[in-house]
Amino acid sequence: MRDFLTVAKFTINDVVRRKSFIISNIIMFAIIVILFNVPNIMKAFNVNSDENTKLLIVDNENIFNGNLEAIKQMNIPYDIEITNDNLGFDNIKEKINNEEIDEAIILSSKENNISMDYIVDNLMYVENVPEDIVSAISNIYTNMQILKLGLSEEEIKSISPNFEFNMKQTEEQEVQGNNFVMMILSLVLFYAIYFYAYQVSTSITTEKTSKIIETLVTSTTPKVIVLGKTIGMCIVGLFQIIAMVIVALISKNLFLEEGMLDGIINLENLTPYLAIIAIVYFILGYAVYALLYALTGSTVSKPEDVQSANGPVAIVAVLGFYLAYFTMMNPTSELNKIAALLPISSPFCMPFRVMMGIASTSEVIISVAILLVSILVVAKISIKIYSQAILNYGSKISFKDAFKLYKNKNV
């Protein structure tokens with residue numbers, strides 16, 4: 001146990017003292033702070049961002065008999081001005097250039113139709129006439145015509161009934177959660193597991209190059225080295241993720257107005273149970289990939305060969321991530337259930353099935369059990385090949401040679 005802790009401590013110290021680690025953390029924390037300051041940055045560059053758009057509605061033919069004033073009482077995010085003055089395009093252009101108004105609508109009657117000329121400074125930034133304004137003007141005109149016809153209240157209700165919309169699903173399992181939150185957390189988990197597992201391979205290869213590994217091998221066993229490095233890097237990764245979360249929460253409270261993210265991110269499903277599940281799957285998923293990378297790292301003796309040696313493991317990791325990510329589009333499908341059980345994809349998939357409330361306790365237990373068995377199998381293979389390949393300073397060991405090393409009964 002003491003040797004495990006010694007190797008883990010050595011790995012932690014080696015990683016956290018690197019300039020690349022310090023600089024990358026500073027950059028990540030700075031990016032988090034900047035992202036939470038985006039609304040403030042936008043406000044700084046746009047002084048009038050809090051002001052509503054100034055809209056002038058011109059009814060020079062008095063089609064609406066003064067009833068357009070009712071539009072000001074509606075919940076429409078515009079500063080609306082109504083006029084019956086005979087203003088044409090040139091008059092409106094002058095007002096926009098003088099910044100008296102931002103936009104204008106000129107109403108005119110053509111036979112039985114109402115024409116709307118929507119005038120803005122530049123059509124590049126506008127797709128259509130604002131639907132809420134069109135709807136409001138249309139409703140006012142409709143009500144005017146109804147009053148002219150002298151219809152009773154019952155007749156009016158029969159013309160424009162109140163529609164009630166209810167959403168129902170045929171799938172028995174009710175899916176909860178927020179897609180945006182799931183996407184962000186999925187990316188964070190994948191980044192954390194992949195990045196820190198990859199560092200195990202890099203660390204092993206670097207130590208082979210600097211001959212440090214010879215000292216380690218003579219003072220302890222290959223098993224202790226592999227597991228100690230895996231544990232040490234896991235601790236670094238876990239604390240770094242926790243630090244990122246803390247910086248994000250502090251930034252949210254300091255720089256964002258209360259309730260600003262309510263329409264984008266729903267945090268109701270982020271429970272302590274989910275946090276525990278996410279940590280468990282981070283540790284187990286990391287262990288699977290870290291042990292695979294320990295194996296590939298021991299088969300090369302030059303840092304420039306690490307990337308090519310890690311290629312197959314990287315492909316497996318990406319496939320596992322995309323299998324989990326894309327099946328989330330249909331979380332109640334059989335393929336998503338399979339993705340939550342496969343050891344290459346369950347670390348990215350199962351936490352979000354838990355978040356959505358569709359993962360049963362038995363599914364979580366089975367998934368964890370499969371991951372644990374996978375870790376034991378991969379650890380056994382990795383340690384055996386590592387113990388024979390770690391002192392190899394020649395060319396890169398092929399998969400065929402690695403298989404022979406594993407079959408060697410002398411170790």
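Helices and strands here are DSSP runs, a helix having at least four residues and a strand at least two, numbered from the N terminus. Counted that way, the secondary structure of this chain comes to 15 helices and 4 strands. Please keep in mind that this is a predicted model. Welcome to a short tour, from the whole chain down to a few single residues.

**The chain as a whole**

- The chain has 411 residues, and 37% of them count as buried.
- Among contacts with a separation of 6 or more, 75% are between residues 24 or more positions apart in the chain.
- About 24,500 Å² of the chain is exposed, and carbon and sulfur atoms supply 60% of that area.

**Two nonpolar cores**

- In soluble globular proteins, nonpolar side chains tend to be buried together.
- The largest nonpolar core in this model has 54 residues, and the members that touch the most others are Val200, Tyr281, Phe282, Tyr286, Tyr289, Phe348 and Val364.
- At least two residues of this core come from each of the helices H7 (179–209), H9 (222–255), H10 (272–298), H11 (306–327), H13 (346–355) and H14 (361–389).
- H10 gives the largest share, with 13 residues.
- Looking beyond its neighbours within four places in sequence, Val364 is in contact with Tyr273, Ile277, Tyr281, Met350, Val354 and Ala359.
- Another core lies apart from this one; it has 19 residues, including Tyr78, Ile105, Ile133 and Ile137.

**Helix H5**

- Helix H5 covers residues 131–149, and its 19 residues should span 27 Å at 1.5 Å a residue. Its end C-alpha atoms are indeed 27 Å apart, which agrees with that expectation.
- The buried residues of H5 are Ile133, Ala136, Ile137, Ile140, Met144 and Ile146. Two of these names, Ile133 and Ile137, also appear among the residues of the 19-residue core.
- Just after H5 comes Gly150, which takes a positive phi of about 70°.

**Polar residues that are buried**

- Thr296 lies in helix H10. It counts as buried because its relative accessibility is 5%, and the cut-off for buried is under 20%.
- The side chain of Thr296 makes a polar contact with the side chain of Asn310, at 2.4 Å. Leaving aside neighbours within four places in sequence, the contacts of Thr296 are Ser201, Ala309, Asn310 and Val313.
- Ser251 is found in helix H9, and with a relative accessible area of 3% Ser251 is buried too.
- A polar atom of the Ser251 side chain lies 2.8 Å from the backbone oxygen of Val247. Not counting residues up to four places away in sequence, Ser251 touches Ile32, Val33, Phe36 and Leu256.
- Asn25 has its place in helix H2 (residues 19–36), and its relative accessible area of 9% makes Asn25 buried.
- Asn25 and Met244 are 219 residues apart along the chain, yet their C-alpha atoms are separated by 8.9 Å.

**Cysteines**

- A disulfide is a covalent bond between the sulfur atoms of two cysteines.
- How many disulfides does a search of the whole structure find? The search finds 0.
- Cys234 counts as buried at 11% relative accessibility, and Cys349 is buried with a relative accessible area of 0%.

Technical notes: Residues are numbered from 1 along each chain as its sequence is written. This is a predicted model: local features need pLDDT of at least 70, side-chain atom pairs count only at pLDDT 80 or more; totals for chains, interfaces and linings use all residues. Side-chain values use heavy atoms; hydrogens and water are left out. The expected span of a helix is 1.5 Å times one less than its number of residues. Buried means under 20% relative accessible area, exposed over 50%, partly exposed in between (1.4 Å probe, protein chains only). Contact means heavy atoms within 4.5 Å. Accessible areas come from the Shrake-Rupley method with a 1.4 Å probe; for residues, only the protein chains shown count as cover. A nonpolar core is a set of buried Ala, Val, Leu, Ile, Met, Phe, Trp, Tyr and Cys residues joined through side-chain atoms within 4.5 Å. A polar contact is a pair of N or O atoms within 3.5 Å; within protein, one must be able to donate a hydrogen and the other to accept it, and residues adjacent in sequence count only if both atoms are side-chain atoms. A disulfide is a pair of cysteine sulfur atoms within 2.5 Å.
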